[in-house]
Amino acid sequence: MTTKQSVGYHSIVALFSPSETRQPATIRAANVAAKLHSQVTLAHIAETSEAADSIRLNELTAEHSEIVQTKRAQGSLLEIVRLADEVSGDLIVLDSGLYGQLQPLLQESSETACDHGECDALVVRNTTDADDENVVDYRHIVVAADLNDQGLMTIYKAVRMAKRYNARLTLLNVVDNFADDKEKASAAKNLRLRGLEAFTSVIEGLKVEKEVVVTSESVDRAVSAYSAQQQSDLVVIGSHRFHGLCVLLGSTAKHVIENGNCDVLVVHE
């Protein structure tokens, strides 16, 4: 079983976005670090160095004590992998705008560029809200995980986040078969609910809601629809097919990030 010590984030890397005046990824990274008692490295990757960027970087460092250093690099956004390696980063935080720029680079890159250990990725939704510099703590976290040993790490990390934020936590499991057969759908739902009960029985100090969705749609669509309906502000999903930052290439992760309305944490299982 996964130990409690192995599910925390100790070295968070936030990717600075020159086009974002509010810097939602950096502010969220500092917020997470404060909750988890960890530290943030602010990473600035650009083709050229602009004076305005340096001023904003200094401002962010002064405003957030969780930011302990700034790393700079010239080149493509894939440099974030090297920078994360330098500081033993276990979580990379980026906003949805940079995620859109990074996606095609990851798809075209070699396996080496994606093979950054067991690093997780948090994609922070860009917002036009005027008060997003005073970032709101996560209040409802939905974790969508398979009921197997691989899914345990995803669930434990979601549990840790929920405890630190004192947030509501919903453990979601999606059954994408039998939707047209009511009898089979009911049997499948009851079976999964028993599985969720077994998973939550080992979680101490936190009330966990359990939900099974039987659908004829794909899993990724069901997760997006459920999180939107429940107005969750963080979805946690796992990825066991991809390594490193390439966890962002998973079909479920991609759909939820691009079609959801909240932050998405993708856990390397």
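Me: What does contact mean in this structure, and what counts as a helix or a strand?
Reply: Contact means heavy atoms within 4.5 Å, while helices (H or I, at least four residues) and strands (E, at least two) are DSSP runs, numbered from the N terminus. This is a predicted model, in which local features need pLDDT of at least 70 and side-chain atom pairs count only at pLDDT 80 or more, whereas totals for chains, interfaces and linings use all residues. Residues are numbered from 1 along each chain as its sequence is written, and side-chain values use heavy atoms, with hydrogens and water left out.

Me: What do the buried residues of helix 9 pack against?
Reply: They pack against helix 4 (96–108), strand 5 (120–124), helix 8 (219–230), strand 9 (234–239) and strand 10 (263–268). The buried residues of helix 9 (residues 251–259) are Ala253, His255, Val256 and Ile257, and they are called buried because each has under 20% relative accessible area (exposed is over 50%, partly exposed in between; 1.4 Å probe, protein chains only).

Me: Why are strand 3 (67–73) and strand 8 (208–214) called edge strands?
Reply: Two strands pair if DSSP finds at least two bridges between them, and strand 3 and strand 8 each pair on one side only, so they are the edges. The ten strands form an open sheet in the order 3-2-1-4-5-10-9-6-7-8, with mixed pairing.

Me: How do you know that strand 9 and strand 10 pair?
Reply: Six bridges join strand 9 to strand 10, and the definition asks for at least two, so these parallel strands pair. One of the bridge partners in strand 10 is valine 264, which is matched with valine 235.
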